[in-house]
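Work through the exercises below with the model open. Try each task before reading its solution.

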Amino acid sequence: MAVSSALLFGSHERAAAEDISVVETISDYLLGYNEKEDSGFSVAGVNIDTAVRGSYRFWDFGDEFKFEHKTHPDDADFLEGSPGSTAIDKAHMLGVDLEAFVPIGNFEPYAGAGALFVFGRDEHQNDNDFRPSGRGSMVYSDIFPAAPHFNSGVRFYPFKDGKGFLEKLSLSGEVEGAYFEVEHGWNRFGKDDRVKDESKFFLNAGAIVGYKLYDNIDLNLGYHHGLNSESNVFTIGFRVGF
């Protein structure tokens with residue numbers, strides 16, 4: 001009986017140790033403490049790591065998407081003058097990008113691509129329509145809710161070999177591009193009557209300050225300015241390696 005008790009106690013002890021080992025392995029992965037020797041992939045002998053970037057963007061387009069409207073043909077007999085203008089001058093966005101990067105000493109050249117999910121619409125009653133609010137003719141501009149996006153740059157860890165707060169700090173120079181579509185027209189009786197679509201490719205350059213929370217999780221703040229426009233973009237986001 002004593003032998004059976006010892007064997008039973010030993011089996012419970014081994015099972016508990018295995019459970020603890022599994023929990024520690026999952027914890028290490030989520031916190032980024034695993035070495036990830038087999039992560040990423042290799043091309044021509046160069047090891048390439050991967051990450052997902054998520055971001056919130058506040059994009060100031062300036063006057064790039066400002067439109068002057070004409071009176072709807074069905075209203076032209078009794079409405080004179082201009083109905084005014086609409087503009088998608090600012091927009092809020094959520095971004096998701098897949099990134100590939102190559103650690104080389106204190107530097108990480110990287111490139112990524114993904115999509116921006118955009119929220120932006122401008123609508124108002126015609127300036128030349130003096131009927132009660134909600135009963136007059138409307139003009140609008142509306143941005144397409146998804147836009148392809150890419151980025152490329154170099155991330156630099158100036159204090160990587162140090163200790164404390166500064167060793168986790170990174171500075172990046174980056175170029176990004178995005179393609180947006182905006183439609184504009186009239187809104188009559190609650191239904192959009194599109195007149196035209198406008199589109200533009202934006203190319204921006206900027207800087208990002210990052211801070212490494214764990215081995216595979218970064219937080220970052222960024223600012224980009226248009227190279228082919230007067231747009232300004234403010235970004236806050238995160239990056240998770242896998």
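**Exercise 1. Place one residue pair across two strands.**

Task: which residue in β10 does S141 stand opposite?

Solution. S141 stands opposite H184 in β10. The strands β8 and β10 pair in the antiparallel sense, over six bridges. Two strands pair if DSSP finds at least two bridges between them. Strands are DSSP runs of E with at least two residues, numbered from the N terminus.

A note on the source before going on. This is a predicted model, in which local features need pLDDT of at least 70 and side-chain atom pairs count only at pLDDT 80 or more, while totals for chains, interfaces and linings use all residues. Residues are numbered from 1 along each chain as its sequence is written, and side-chain values use heavy atoms, with hydrogens and water left out.

**Exercise 2. Describe the surroundings of β8.**

Task: how many bridges join β7 to β8, and how many residues of β8 are buried?

Solution. Start with β7, residues 121–125. Five bridges join β7 to β8, and the two run antiparallel. One partner pair is R121 with D142 in β8. Next, check burial. Buried means under 20% relative accessible area, exposed over 50%, and partly exposed in between (1.4 Å probe, protein chains only). In β8, residues 138–143, five of the six residues are buried, so the strand is largely enclosed by the rest of the structure.

**Exercise 3. Step off the end of β8.**

Task: where does F144 lie, and what does F144 touch?

Solution. F144 is in the loop between β8 and β9. With a relative accessible area of 49%, F144 is partly exposed. F144 touches V118 and E181, not counting residues up to four places away in sequence. Contact means heavy atoms within 4.5 Å. F144 and E183 are 39 residues apart in sequence, but 7.7 Å apart in space, C-alpha to C-alpha.

**Exercise 4. Sort the aromatic pairs.**

Task: how many aromatic pairs does the structure hold?

Solution. Set the criteria. Rings of Phe, Tyr and Trp (its six-membered ring) pair if their centres lie within 6.5 Å; planes under 30 degrees apart count as stacked, over 60 as edge-to-face and the rest as tilted. The structure holds twelve such pairs. One of them is W59 with F61, stacked at 5.6 Å centre to centre and 20° between the planes. Both W59 and F61 are buried. For F107 and F156, the centres are 4.7 Å apart and the planes at 25°, so this pair is stacked. F107 lies in β6 (residues 107–119) and F156 in β9 (residues 146–156), so the pair ties together parts 49 residues apart in sequence. F107 is partly exposed at 40% relative accessibility; F156 is partly exposed at 29%.

**Exercise 5. Move from pairs to the core.**

Task: which residues have the most contacts inside the largest nonpolar core?

Solution. A nonpolar core is a set of buried Ala, Val, Leu, Ile, Met, Phe, Trp, Tyr and Cys residues joined through side-chain atoms within 4.5 Å. The largest has 16 residues, and those with the most contacts inside it are W59, F61, F65, M93, L116, V118 and F180. β5 (90–101), β6 and β10 (169–188) each give two or more residues to this core. β10 gives the most, with three residues. Finally, W59, F61, F65, F180 and F202 form one aromatic cluster.

Notes
Helices (H or I, at least four residues) and strands (E, at least two) are DSSP runs, numbered from the N terminus.
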